[in-house]
Amino acid sequence: MLDMKFIRENRDKVIAGVTNKKEDPAFVDEVLSLDDQRRELLQKVEQLKAKKNTVSAEVGKIKSRKEDASAIIAEMKSVADEIKTIDEQLGTVEAKRTDLLLQIPNIPHESVPVGKSPAENKVIATHGDPPSVDFPMKPHWELVEKLGIIDFARGTKITGAGFPVYIGKGAQLERALINFFLDEASAQGYTEIMPPLMVNAASATGTGQLPDKEDQMYVVTKDDFYLVPTAEVPVTNLYRDEILPQKNLPVKLCAYTPCFRREAGSYGKDVRGLNRVHQFNKVELVKFVHPDSSYDELELLRGDAERLLQKLGLQYHVLLMCTGDLGFTQTKKYDLEVFAPGQKKWLEVSSVSNFESYQARRMNLRFRPDGGKPEIVHTLNGSALALPRIVAALLEHNQTPEGKVVVPKVLHGYTGFELIG
RNA sequence: GGAGAGGUGGCCGAGUGGUUGAAGGCGCUAGUCUCGAAAACUAGUAUAGUCGUAAGGCUAUCGAGGGUUCGAAUCCCUCCCUCUCCGCCA
């Protein structure tokens, strides 16, 4: 969430930012009005509490002298009632304020182009070329079926649509990619985390999945847990409610997890094959950094993700997302899209974002500047990378006329084979 | 799942209704002492909200939330977590 003080002092800026994100700016003034009410009630009740405290201490002294304090006690009873009444009002106002505060999105960074639709995202870099072949390239769903390495139909039987089964070299390729990504991250100084795959409501709120994106998560109602939609959630919450020493910054973490997403509302859109599934594997990078360096760290993070695509020899481009296409909690975001030549489509395989203090404030994640008061850290994350679309692009990019697939060299040590089929 | 014990400041630990934001110790920071260090001694050492130009004041916080009371770390209720024993189990 945003800092209440910041909203108070920058009303117009916040409204502009919220509007550019295509969110409702009406909440901003509502929050400000609730904030005024809150402070008014707070002052009133705190004065009464101060009185209560001094008089109650007095009662103690009187009683210890074995004197009569019944008159004062009777008087304080009405004060106590008044406190209770105002406290209740205060509680209501505060709950509303917090509720609204959670519904105000983070505001975009000034370097982000203002825009309404994905069409206004900017392609800021492209790398690699499509394979130069003289045969018609197949989409991956045809390749994997013939090769028998991913079985969508049986996944549907076991669970439901969007739960593919990886078989034989398909499973091995998946495992190889996960290890490759994790090893690359470790080499860049990221500490590997293996987190829980279910999180509680507090964690989901910390990263912004709740209340905004509740419908996208699978819920274990019996225990009030959520299946992780991305490792971002458990990993970013690792130090929730903690104060990190400044010398530990930047904290760099990486994690492989399966990701579970209901993908409600996206039926029929790019759902063929591996393009959009309910359960998939992903390696995620997370950083906690000093507020002064978060935009430099964002570029480094993007580099870490890009390098993987380069090493895999895939064609990709980098999008700088416009304000209207930014997520609720993000101030700036790059998407990496890889080209899948069999279906002639760009597929999003990574999303690299800065959240500034927005998540960290929700999570109460701070650092202590040397000798100073605790401050909120900035959080960033990026996929490095999401597996299914990488596999899709990789299979399509490296297919042979016979429908076999050549494994990229960097993976040979991981797969133990160089050809599928 | 059953039975029991317990959750206090960075850590250990005292505290069963009346100056307890919280004794004492450890740790940490600064100072004294020392050629320097250790030891010893002295002082300081939470977070947040709110009012104030500031100094500073006030409020809240002893797992979380609610209740009783003029007054709660202390009594009551609910929940969470940890530990021990039993059961079950990869």
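What lies 3.1 Å from a polar side-chain atom of Asn-53? To find out, select Asn-53 together with RNA strand B in this predicted model. The partner of that side-chain atom is a phosphate oxygen of RNA strand B.

**Stop 1: contacts with the RNA**

Keep RNA strand B on display and add Arg-8. An N or O atom in the side chain of Arg-8 is 3.0 Å from a phosphate oxygen of the strand. Next, select Ser-56 and show its backbone. Here a backbone N or O atom lies 3.1 Å from a base nitrogen of RNA strand B. Two kinds of partner have thus been visited: phosphate oxygens, reached by Asn-53 and Arg-8, and a base nitrogen, reached by Ser-56.

**Stop 2: the whole surface near the RNA**

Now widen the selection to the 23 residues that surround RNA strand B. The closest are Arg-38, Ala-50, Lys-77, Arg-366 and Arg-368. Colour the selection by class: twelve of the residues are charged, seven are nonpolar and four are polar. On the RNA side, 72% of the atoms within 4 Å of the protein belong to sugar or phosphate, and the rest belong to bases.

Which helix gives the most residues to this surface? Select α3, residues 26–64; α3 leads with 13 residues. Helix α4 (70–103) and strand β14 (366–368) also supply at least two residues each.

**Stop 3: the sheet that contains β14**

Follow β14 into its sheet, which is open and has three strands in the order β8-β14-β15, with mixed pairing. Select the edge strands, β8 (243–245) and β15 (375–376): each has a single partner strand, so one side of each is left without a neighbour in the sheet. Between β8 and β14 the pairing is parallel and runs over three bridges. As a landmark, display Pro-245, which stands opposite Arg-368 in β14. Arg-368 has already appeared on this tour, among the residues closest to RNA strand B.

**Stop 4: the two sides of helix α2**

Finally, select helix α2, residues 11–20, and highlight its buried residues: Val-14, Ile-15, Gly-17 and Val-18. Turn the view to look down the axis of α2; the buried residues fall within an arc of 165°, so they line one face of the helix. On the other side of α2, Asp-12 and Lys-13 are exposed.

What covers the buried residues of α2? Add α1 (4–9) and α3 to the view, since both are included in that cover. To end the tour, select Lys-22, which follows α2 and has a positive phi, near 60°.

Note on methods:
Residues are numbered from 1 along each chain as its sequence is written. Chains are lettered from A and ligands numbered from 1 in the order in which they are written. This is a predicted model: local features need pLDDT of at least 70, side-chain atom pairs count only at pLDDT 80 or more; totals for chains, interfaces and linings use all residues. Side-chain values use heavy atoms; hydrogens and water are left out. A residue is near a molecule or strand if one of its heavy atoms lies within 4 Å of it. A polar contact is a pair of N or O atoms within 3.5 Å; within protein, one must be able to donate a hydrogen and the other to accept it, and residues adjacent in sequence count only if both atoms are side-chain atoms. Helices (H or I, at least four residues) and strands (E, at least two) are DSSP runs, numbered from the N terminus. Ala, Val, Leu, Ile, Met, Phe, Trp, Tyr, Cys and Pro count as nonpolar, Asp, Glu, Lys and Arg as charged, and the others, Gly among them, as polar. Two strands pair if DSSP finds at least two bridges between them. Buried means under 20% relative accessible area, exposed over 50%, partly exposed in between (1.4 Å probe, protein chains only). The arc is that of the directions from the helix axis to the C-beta atoms. Contact means heavy atoms within 4.5 Å.
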